[in-house]
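Q: I've got a protein model open and I'm not sure how to read it. Can you walk me through it, one feature at a time?

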Amino acid sequence: MRPILMKGHERPLTFLKYNREGDLLFSCAKDHTPTVWFADDGERLGTYRGHNGAVWSCDVSRDSTRLITASADQTAKLWNVQTGEQLHTFNFDSPARSVDFSVGDNLAVITTDPFMAFTSAIHVKRIASDPSEQTGDSVLVLKGPQGRINRAVWGPLNRTIISAGEDSIIRRWDTETGKLLQESEPEVGHTKQITSLAKSADGSHFVTGSLDKSAKLWDIRDLSLIKTYVTERPVNAVTMSPLLDHVVLGGGQDASSVTTTDHRAGKFEAKFFDKILQEEIGGVKGHFGPINALAFNPDGKSFSSGGEDGYVRLHHFDPDYFSIKI
């Protein structure tokens, strides 16, 4: 399996996202400029210029016409995917961390970091179908969790929002009333901050990765713990195959402590686990720094990883990957 190396960012990667058809890959990094690539051959298609800080995450609409990005410059921006023009800027009082379009693309959930006197918050914005009618008003603002909320995504039918972050607790919110419906049980949950969260293709369950060196699989309806995948280093990124029962974990030490550890080239690998048996089935090495972002192509035949080294590595699976037996 020869990876395609995509060099377009000068700073560490933060997030990767495929569009629904799986022909485009969007990458966010700390260099202010989200980039879009062809997902089959890794050719760079274009960039979205306008942010003034690290871009932490992005999401693309179902019809691949809109891109939304969240940045440390205290804004979230809505872009025209095809032309790269800015359609709207949502301004906040603190850095924007996570974005996620709802089913139907009429709403977006945006999380903002704690900053100065402001606590972290989850904002729900209405996304107008006509960009000229777009407003910056929040439909709903949820507050409560201590520390940063690293990820917030929509639950089934947009009725709930699932959030996770620094305090290692997963929360389920009602999107109509803004009430906190449920928190994950501390006994079975993560013991350190949750870095990443990814939903399954059908939206029925999701996987979280944490600095406690594990990833956990949860039921999205009642937050019951289904599986736990244990590894030997902190997990920065997680994703699930839409095709096979595979969970992929990426990680490594925090960038600041990397120099004191193993210096062998390309030591940082994406580890594949069997979703049901919770056993490791293999790994893909190659990055020269911790893996910060992972994404599976919606067709399940390729995946990409983004590292602290500024590279995106795009892997198309060999035929024998699809017949792995444990």
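A: Sure! Let's begin with one pair of strands. Strand 3 and strand 4 (residues 35-38) run antiparallel and are joined by 4 bridges. Keep in mind that this is a predicted model.

Q: Which residue of strand 4 stands opposite Phe26?
A: That's Val36.

Q: What links strand 3 and strand 4 in the chain, and which residue in the turn has a positive phi?
A: The two strands form a hairpin with 5 residues between them, and His32 in the turn has a positive phi of about 75°.

Q: Which strand pairs with strand 3 besides strand 4, and how?
A: Strand 2 (residues 13-18) pairs with strand 3 in the antiparallel sense, over 5 bridges. For instance, Leu16 has Ser27 in strand 3 as its bridge partner. This is a hairpin too: 5 residues lie between strand 2 and strand 3, and Gly22 in the turn has a positive phi of about 80°.

Q: Where do the side chains of a strand point?
A: In a regular strand, they alternate between the two faces of the sheet. Now look at strand 3: Leu24, Phe26 and Cys28 are on one side, while Leu25, Ser27 and Ala29 are on the other, and all of them are buried.

Q: What does that say about where strand 3 (residues 24-29) sits?
A: Since 6 of its 6 residues are buried, strand 3 is largely enclosed by the rest of the structure.

Q: How do I read a single residue, say Lys77: is it buried or exposed?
A: Check the relative accessible area; buried means under 20%. Lys77 comes out at 8%, so it counts as buried. You'll find Lys77 in strand 8 (residues 75-80).

Q: What does the side chain of Lys77 make polar contacts with?
A: One polar contact, of 3.0 Å, joins the side chains of Lys77 and Gln86. Another, of 3.1 Å, joins the side chain of Lys77 to that of Thr89. Leaving out residues up to four places away in sequence, Lys77 also touches others, including Gly50, His51 and Leu67.

Q: And what about Leu180, which strand is it in?
A: Leu180 is found in strand 17 (residues 180-183). With a relative accessible area of 38%, Leu180 is partly exposed. If you skip residues up to four places away in sequence, Leu180 touches Arg171, Arg172 and Trp173.

Q: How do I read a whole sheet, such as the one with the order 18-19-20-21?
A: Look at the strand order, then at the ends. This is an open sheet of 4 strands with antiparallel pairing. Strand 18 (194-199) and strand 21 (225-230) are at the edges with a single partner strand each, so one side of each has no neighbour in the sheet. From one strand to the next, the twist averages 20°. Within this sheet, strand 18 pairs with strand 19 (residues 205-210) over 5 bridges, and Lys199 has Phe206 in strand 19 as its bridge partner.

Q: Now the big picture: how many helices and strands does the protein have?
A: There are 0 helices and 28 strands. Of the 326 residues, 57% count as buried.

Q: What radius of gyration does the protein have, and how does that fit a compact globule?
A: The protein has 18 Å, and a compact globule with 326 residues would be near 20 Å, so the two agree. Along its principal axes, the C-alpha trace spans about 50 × 45 × 40 Å.

Note on methods: Residues numbered from 1 in each chain as written. Predicted model: local features only at pLDDT ≥ 70, side-chain atom pairs only at ≥ 80, totals over all residues. Heavy atoms only, no water. Pairing = 2+ DSSP bridges. Axes fitted to C-alpha atoms, helices over the stretch in contact; angles between N-to-C directions. Buried < 20%, exposed > 50% of the residue type's maximum accessible area, 1.4 Å probe, protein only. Contact = heavy atoms within 4.5 Å. Polar contact = N/O pair within 3.5 Å; in protein donor to acceptor, adjacent residues only side chain to side chain. Rg over C-alpha atoms; globule rule 2.2 N^0.38 Å.
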